[in-house]
Amino acid sequence: MSRVYNFSAGPAVLPEEVLKEAAAEMLDYKGTGMSVMEMSHRSKAFDEIIKTAEADLREIMNIPDNYKVLFLQGGASQQFAMIPMNLMKNKKAAYIITGQWAKKAYQEAKMYGDAVEVASSADKTFSYIPDCSDLDIPEDADYVYICENNTIYGTKFKELPNTKGHTLVADISSCFLSEPVDVSKYGVIYGGVQKNVGPAGVVIAIVREDLITEDTLPGTPTMLKYKTHADAESLYNTPPCYGIYICGKVFKWIKNMGGLESMKELNEKKAKILYDFLDQSQLFSGTVVAKDRSLMNVPFITGNDEVDAKFIKEAKAAGFENLKGHRSVGGMRASIYNAMPMEGVEKLVDFMKKFEEENK
Ligand SMILES: *Cc1c(COP(=O)(O)O)cnc(C)c1O
């Protein structure tokens with residue numbers, strides 16, 4: 001068996017310990033004589049899996065009691081519709097456009113009400129986070145929406161926007177559990193888990209209870225109401241059982257690593273190795289304004305498409321996978337999520353140094 005260093009933006013690398021545990025439990029989960037994939041979502045064994053996963057997530061993120069944790073499906077993209085359907089009481093919302101995912105959420109919201117763009121960094125290909133300290137937010141806006149870590153462009157909000165008292169909604173798909181967060185600052189904080197937490201197929205939405213009501217937009221399907229899933233404790237219908245089970249193992253792994261403070265420290269160290277190299281390199285350069293750099297997604301370029309392609313090809317041959325940048329930006333992108341070992345980043349930088357020597 002040989003494993004590569006996988007720099008994919010998502011689905012992405014998972015902790016090896018978690019994969020090994022899952023492999024060991026594949027045929028017989030804790031004496032049940034079956035795999036978690038094969039068991040009823042109403043069984044005692046699965047009840048324990050989902051309850052433990054929720055309890056561990058609540059502990060890791062320090063989630064206040066007045067928030068529900070919902071394990072949902074449909075990808076982060078389904079939240080682009082669920083958020084307006086459930087929250088747009090005044091049919092108005094403010095969107096901050098810092099990349100493609102924020103833009104998609106904004107475009108989806110427009111189908112349900114008056115979504116207003118209150119800030120954007122489109123003028124410089126989303127290479128920075130706009131100043132959000134004094135935005136012109138409509139009085140009657142139901143919420144202010146951000147994509148907190150921009151997976152494609154590699155920027156991150158280091159400071160939350162001043163919402164002027166409005167509910168904050170955040171897509172944290174690509175920074176989920178990468179550092180501590182103050183959940184109480186958000187109305188809804190959600191993410192697809194396939195970037196930093198688990199296998200594709202699960203979305204976790206953490207929703208403040210007062211936002212979970214029957215009063216959704218007319219025609220909202222039962223499955224797209226937060227209340228449906230909150231009332232049924234994420235078991236209204238068959239949930240993505242196996243995915244939730246793996247997420248639960250990742251939560252335990254994070255607890256064993258020392259929680260989110262330790263994750264942050266580790267992630268800062270890893271990112272620094274790469275950014276420090278990029279800052280002094282004669283060949284490679286980062287594409288993002290330094291103060292807004294993501295700890296998770298690091299885009300970089302050589303400035304020459306042919307050299308970029310050569311680098312990606314040679315890196316792949318050397319065991320560094322998925323370094324190609326998003327099709328909309330080109331160049332390279334190294335996603336260095338929680339489960340990417342320090343050694344993976346160190347070896348990548350060594351490889352980049354060597355490539356630079358050979359291609360000066
Ligand atoms: C990947 C990603 C999405 C889309 O996720 P899907 O689960 O494929 O719908 C949305 N937002 C962010 C920030 C992402 O990184």
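1. In this predicted model, a polar side-chain atom of T151 is placed 2.4 Å from an oxygen atom of the ligand, and a polar side-chain atom of Q194 lies 2.8 Å from a ligand oxygen atom. The backbone also takes part, since a polar backbone atom of A76 is found 3.0 Å from an oxygen atom of the ligand. With the protein in place, 86% of the 380 Å² of accessible area that the ligand has on its own is covered.

2. The residues around the ligand are G75, A76, S77 and F80, together with W101, C147, N149, T151, D171, S173, Q194 and K195. Sorted by class, this shell consists of 6 polar, 4 nonpolar and 2 charged residues. Helix 3, which spans residues 75-87, supplies the largest share of the shell, namely 4 residues.

3. Turning to the sheet, 3 strands are arranged in the order 11-12-14, and they form an open sheet whose pairing is antiparallel. Its edges are strand 11 (285-286) and strand 14 (332-335), each of which pairs on one side only. As background, strands of a sheet pair through backbone hydrogen bonds, in either a parallel or an antiparallel sense.

4. For the pairing of strand 11 with strand 12 (residues 297-301), the model gives 2 bridges in the antiparallel sense. Which residue of strand 12 is the bridge partner of S285? The partner of S285 in that strand is I301, and a colleague tracing the sheet may therefore wish to read this pair alongside the strand order 11-12-14.

Key. Residues are numbered from 1 along each chain as its sequence is written. This is a predicted model: local features need pLDDT of at least 70, side-chain atom pairs count only at pLDDT 80 or more; totals for chains, interfaces and linings use all residues. Side-chain values use heavy atoms; hydrogens and water are left out. Two strands pair if DSSP finds at least two bridges between them. A residue is near a molecule or strand if one of its heavy atoms lies within 4 Å of it. A polar contact is a pair of N or O atoms within 3.5 Å; within protein, one must be able to donate a hydrogen and the other to accept it, and residues adjacent in sequence count only if both atoms are side-chain atoms. Accessible areas come from the Shrake-Rupley method with a 1.4 Å probe; for residues, only the protein chains shown count as cover. Ala, Val, Leu, Ile, Met, Phe, Trp, Tyr, Cys and Pro count as nonpolar, Asp, Glu, Lys and Arg as charged, and the others, Gly among them, as polar.
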